[in-house]
Amino acid sequence: HVSTLMPFWNVNIFGALQGNILFNTARPIAPGIPFFLAPGTAQPGNTVDVFARSSNLGALLTGPQIGAFQAGGLLLVNFYNDALIIDRYGILPIQAWGDLKNENWRLAAGLQYNVFCPSAPTMLTISSLYGSGNVGNNFVGQFRMERFFYPTNDSQWTLQFAISEPVATGIITNSPI
């Protein structure tokens, strides 16, 4: 936790160190990222991959009060390269946004998960089948507006509206278009 005095900003640093070992009897396309292979395809021999690329580092920012809104933001990076099928480490920003929010509203801009199906399934690796066009796990630049409703004391409904990049550009492919 890091604080400054003027203007009042707080930064909470967090991260995860994740080590993985994958043994493959028929090597998938990329080391460390499992893909489904059709029977009869050409498959290299046995491999063992040891890696920590799915580790991450992040910072949660809390800023000053601006009118009725609290300023804040998030930065989250993984140690994958932007081309998941290349066996290289890198810095892959998957969340980088700033927001203004209160009990009823949130206005945000930056790199965020899609509004459509904004969930990431529990998987061993970051890939989440990105190469297949997995909607909902894309992280795209966008402007987002959220409105919170509280029908009961222990529930919340969120209405979201976003204008975003329609094509995910955080992950690249090596195939010609």
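Visitor: R106 and E146, are they buried or exposed?
Guide: In this predicted model, R106 and E146 are both buried, and their side chains meet in a salt bridge with an N to O distance of 3.2 Å. R106 lies in strand 8 and E146 in strand 9, so the pair ties together parts of the chain that are 40 residues apart in sequence.

Visitor: Which other side chain meets R106 in a salt bridge?
Guide: The side chain of D99 does, at 2.9 Å from N to O. D99 counts as buried at 6% relative accessibility, and R106 is buried as well, with a relative accessible area of 8%, which is under the 20% cut-off for that label.

Visitor: And what does E146 pair with besides R106?
Guide: E146 forms a salt bridge with R144, where the closest N and O atoms are 3.4 Å apart, and both of these residues are buried. Taken together, D99, R106, R144 and E146 are linked in a network of salt bridges, and the count of salt bridges comes to 3.

Visitor: Why would such side chains pair at all?
Guide: As a general point, side chains of opposite charge can pair when their charged atoms come close.

Visitor: What else is R106 in contact with, leaving aside its sequence neighbours?
Guide: Beyond four places in sequence, the contacts of R106 include W97, L100, K101, Q112, M145 and F148, in addition to its salt-bridge partners D99 and E146.

Visitor: M145 sits in which strand, and how exposed is it?
Guide: M145 is found in strand 9 and is partly exposed, with a relative accessible area of 36%. M145 also belongs to a nonpolar patch on the surface, formed with W105, L107, F143, F161 and I163, which together have about 610 Å² of accessible area.

Visitor: Which strands supply that patch?
Guide: Strand 8, strand 9 (139-149) and strand 10 (157-164) each supply at least two of the patch residues.

Visitor: Switching to the inside, what makes up the largest nonpolar core?
Guide: The largest nonpolar core has 7 residues, namely L22, F51, L76, Y80, L92, I94 and F139. Strand 6 (69-80) and strand 7 (89-101) are the elements that give two or more residues to this core. L76, one of its members, touches residues including L92 and I94, and also F14, N56, L57 and Q95, when residues up to four places away in sequence are not counted.

Visitor: Where's S55, and what is it doing there in terms of contacts?
Guide: S55 is placed in the loop between strand 4 (47-51) and strand 5 (56-66), and at 2% relative accessibility this loop residue counts as buried. A polar atom of the S55 side chain lies 2.8 Å from the backbone nitrogen of Q18, and S55 also touches A16, L17, V77, N78 and F79, among others.

Visitor: And N46, buried or exposed?
Guide: N46 is exposed, with a relative accessible area of 56%, and its place is in the loop between strand 3 (20-24) and strand 4. Although N46 and F23 are 23 residues apart in sequence, their C-alpha atoms are 7.4 Å apart in space.

Visitor: Zooming out, how many helices and strands are there?
Guide: The chain comes to 0 helices and 10 strands. Of its 177 residues, 31% count as buried, and among contacts between residues at least 6 apart in sequence, 52% join residues at least 24 apart.

Visitor: What about the accessible surface of the chain?
Guide: The accessible surface comes to about 10,900 Å², and 65% of that belongs to carbon and sulfur atoms.

Notes. Residues are numbered from 1 along each chain as its sequence is written. This is a predicted model: local features need pLDDT of at least 70, side-chain atom pairs count only at pLDDT 80 or more; totals for chains, interfaces and linings use all residues. Side-chain values use heavy atoms; hydrogens and water are left out. Buried means under 20% relative accessible area, exposed over 50%, partly exposed in between (1.4 Å probe, protein chains only). Contact means heavy atoms within 4.5 Å. Helices (H or I, at least four residues) and strands (E, at least two) are DSSP runs, numbered from the N terminus. A polar contact is a pair of N or O atoms within 3.5 Å; within protein, one must be able to donate a hydrogen and the other to accept it, and residues adjacent in sequence count only if both atoms are side-chain atoms. Patches are made of residues with over 30% relative accessible area and no salt bridge: like charges are joined within 9 Å, nonpolar side chains (Val, Leu, Ile, Met, Phe, Trp, Tyr) within 5 Å. Accessible areas come from the Shrake-Rupley method with a 1.4 Å probe; for residues, only the protein chains shown count as cover. A salt bridge is a side-chain nitrogen of Lys or Arg within 4 Å of a carboxyl oxygen of Asp or Glu. A nonpolar core is a set of buried Ala, Val, Leu, Ile, Met, Phe, Trp, Tyr and Cys residues joined through side-chain atoms within 4.5 Å.
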